[in-house]
Amino acid sequence: MSLETYARERASFRTKVLEHKKNRTVRLGEHVSLQFEDELTIRYQVQEMLRIERIFEDEGIQGELDAYNPLIPDGGNWKATMLIEYPDADERRRMLAKLKGIERRVWVQIDDCERVFAIADEDLEREEDEKTSSVHFLRFELSAAMREHLRRGARVTVGVDHPQYQASAELQPEVRAALAADLN
């Protein structure tokens with residue numbers, strides 16, 4: 001949408017996207033959440049960036065599309081934004097130092113299939129010598145057999161197995177259905 005059109009449509013579009021995200025968000029314990037992305041969630045991110053940065057020229061728009069399009073799943077995988085959330089700044093700083101490598105310890109498991117660990121931060125390294133980032137971009141490659149299990153209603157568990165942080169959650173039926181719809 002043009003900036004003018006988006007300004008008019010933003011409130012209703014935002015409401016639609018926030019409702020859509022409810023069935024694409026997975027909490028892993030108290031401090032980690034995964035936001036599973038799709039075309040709509042990424043379109044919203046692009047529109048917001050264009051609005052915030054006041055980008056309206058074709059070259060700038062294409063730059064944003066090039067940056068965000070790789071975050072859309074391709075039918076054989078899931079892609080998620082992982083957020084590590086500690087409201088207190090001092091605790092966040094301490095924990096991000098302890099949680100180095102957490103982005104490589106996030107997994108999904110479909111029924112009794114083997115766990116699939118995330119491929120993390122393909123666009124750029126987000127971990128530093130002292131700490132990890134509070135935001136990571138993850139990709140989970142799912143085999144044809146796993147996708148078939150999902151079509152048949154398989155149970156899906158998502159988790160993180162890091163020495164300083166362990167948590168898992170079985171997907172609720174509505175979340176599982178929304179994520180299964182992303183797959184071929």
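A residue is called buried when its relative accessible area is under 20%, exposed when it is over 50%, and partly exposed in between, as judged with a 1.4 Å probe on protein chains only. N77 is buried by this rule, because its relative accessible area is 1%. The model discussed here is predicted, so that local features need pLDDT of at least 70 and side-chain atom pairs count only at pLDDT 80 or more, while totals for chains, interfaces and linings use all residues. Residues are numbered from 1 along each chain as its sequence is written, and side-chain values use heavy atoms, with hydrogens and water left out.

N77 lies in strand β3, which covers residues 77-84. Strands (E, at least two residues) and helices (H or I, at least four) are DSSP runs, numbered from the N terminus. The side chain of N77 takes part in polar contacts, that is, pairs of N or O atoms within 3.5 Å; within protein, one atom must be able to donate a hydrogen and the other to accept it, and residues adjacent in sequence count only if both atoms are side-chain atoms. One such contact, of 2.8 Å, joins the side chain of N77 to that of E141. In addition, a polar atom of the N77 side chain lies 3.0 Å from the backbone nitrogen of D74. Contact in the wider sense means heavy atoms within 4.5 Å. When residues up to four places away in sequence are not counted, N77 touches R139, F140, E141, L142 and L183.

A second buried residue is D182, with a relative accessible area of 17%. D182 lies in the segment after α6 (173-180). With residues up to four places away in sequence again not counted, D182 touches R24, E37, D38, P73, G75 and W78.

The strands may be considered next. Two strands pair if DSSP finds at least two bridges between them. Strand β1 (residues 25-28) runs antiparallel to β2, to which 4 bridges join it; T25, for example, has Q35 as its bridge partner in β2. The two strands form a hairpin with 3 residues between them, and G29 in the turn has a positive phi of about 70 degrees. Strand β2 also pairs with β3 in the antiparallel sense, over 5 bridges, and the partner of F36 in β3 is A80. Of the 5 residues of β2, 5 are buried. V32, L34 and F36 are buried on one side of β2, and S33 and Q35 are buried on the other.

The aromatic residues complete the picture. Rings of Phe, Tyr and Trp (its six-membered ring) pair if their centres lie within 6.5 Å; planes under 30 degrees apart count as stacked, over 60 as edge-to-face and the rest as tilted. The count comes to 4 aromatic pairs. The ring centres of F13 and Y44 are 6.0 Å apart and their planes stand at 55 degrees, so this pair is tilted. Because F13 lies in helix α1 (residues 3-22) and Y44 in helix α2 (residues 39-53), the pair ties together parts that are 31 residues apart in sequence. F13 and Y44 are both buried. F36 and F140 also form a tilted pair, with 6.2 Å from centre to centre and 35 degrees between the planes. This pair links F36 in strand β2 (residues 32-36) to F140 in strand β7 (residues 135-141), 104 residues apart. Both F36 and F140 are buried. Y6 joins F13 and Y44 in one aromatic cluster.
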